[in-house]
Amino acid sequence: MQTMYADLNYYIYQEPSKQLDHGTLSIKKQMYIQARPDIQLKNLYLEFLNQLSEKLPTSVPDLKINGEFCKLI
């Protein structure tokens with residue numbers, strides 16, 4: 001078993017010029033890297049998306065996501 005540390009930097013924009021929020025999400029998770037890493041990395045990515053969905057502002061009416069929701073580098 002290995003400990004996986006992962007960080008995701010995020011930026012939330014309402015329009016191309018209006019930044020609403022930004023920050024870093026961090027996860028520390030125990031994983032078996034040798035056993036199906038594709039599934040374990042997918043679960044890690046989904047956990048990031050769940051955390052990010054909690055960061056989306058609810059006070060902005062009619063908030064729509066345009067373009068890419070997220071981009072991995």
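The buried residues of helix α1 are covered by parts of the chain that include strands β1 and β2. In this predicted model, the residues of α1 that are buried are Q40, L44, F48 and L52. Seen down the axis of the helix, the buried residues of α1 fall within an arc of 125°, so they line one face of it. In an α-helix there are 3.6 residues a turn, so residues three or four places apart point the same way. On the other side of α1, by contrast, K42, N50 and E54 are exposed. The helix itself has 19 residues, and the distance from its first C-alpha to its last is 27 Å, which is close to the 27 Å expected at 1.5 Å a residue.

The setting of this helix can be described from the chain as a whole. The secondary structure of the protein chain comes to one helix and two strands, and these elements follow the pattern β-β-α when read along the sequence. Of the 73 residues in the protein chain, 15% are buried. Among the contacts that join residues at least 6 apart in sequence, 44% are between residues at least 24 apart.

The largest nonpolar core consists of nine residues, namely A6, Y10, I12, L25, I27, M31, L44, F48 and L52. The elements that each give two or more residues to this core are β1, which spans residues 2-15, together with β2 and α1. Three of the residues named as buried in the helix, L44, F48 and L52, are thus also members of this core. Another helix residue, Y45, is partly exposed, because its relative accessibility is 29%. Y45 and L8 are 37 residues apart in sequence, and their C-alpha atoms are 9.5 Å apart in space.

A charged pair also links the helix to a strand. The structure holds one salt bridge, in which the side chains of E47 and K29 meet at 2.8 Å, N to O. E47 lies in helix α1, residues 37-55, and K29 in strand β2, residues 18-31, so the salt bridge ties together parts of the chain that are 18 residues apart in sequence. In general, side chains of opposite charge can pair when their charged atoms come close. Both partners have intermediate accessibility: E47 is partly exposed, with a relative accessible area of 26%, and K29 likewise counts as partly exposed, at 27% relative accessibility.

Strand β2 also contains T24, a residue that is partly exposed, with a relative accessible area of 47%. When residues up to four places away in sequence are not counted, T24 touches D7, L8, N9 and Y10. One of these residues, N9, is joined to T24 by a polar contact of 2.8 Å between the two side chains. For D7, which lies 17 residues from T24 along the chain, the separation of the two C-alpha atoms is 6.5 Å. Y10, also touched by T24, is one of the residues of the largest nonpolar core.

Two further residues of strand β2, K18 and Q19, can be considered together. K18 counts as partly exposed at 42% relative accessibility, and Q19 is partly exposed with a relative accessible area of 37%. Leaving aside neighbours within four places in sequence, K18 is in contact with I12 and Y13, whereas Q19, on that basis, is in contact with Y11, I12 and Y13. I12, which is thus in contact with K18 and with Q19, belongs to the largest nonpolar core. The side chain of Q19 additionally makes a polar contact of 3.2 Å with the side chain of H22.

Conventions: Residues numbered from 1 in each chain as written. Predicted model: local features only at pLDDT ≥ 70, side-chain atom pairs only at ≥ 80, totals over all residues. Heavy atoms only, no water. Salt bridge = Lys/Arg side-chain N within 4 Å of Asp/Glu carboxyl O. Helix = DSSP H or I, 4+ residues; strand = E, 2+ residues; numbered from the N terminus. Buried < 20%, exposed > 50% of the residue type's maximum accessible area, 1.4 Å probe, protein only. Core = buried A, V, L, I, M, F, W, Y, C linked by side-chain atoms within 4.5 Å. Expected span 1.5 Å × (residues − 1). Arc of directions from axis to C-beta. Contact = heavy atoms within 4.5 Å. Polar contact = N/O pair within 3.5 Å; in protein donor to acceptor, adjacent residues only side chain to side chain.
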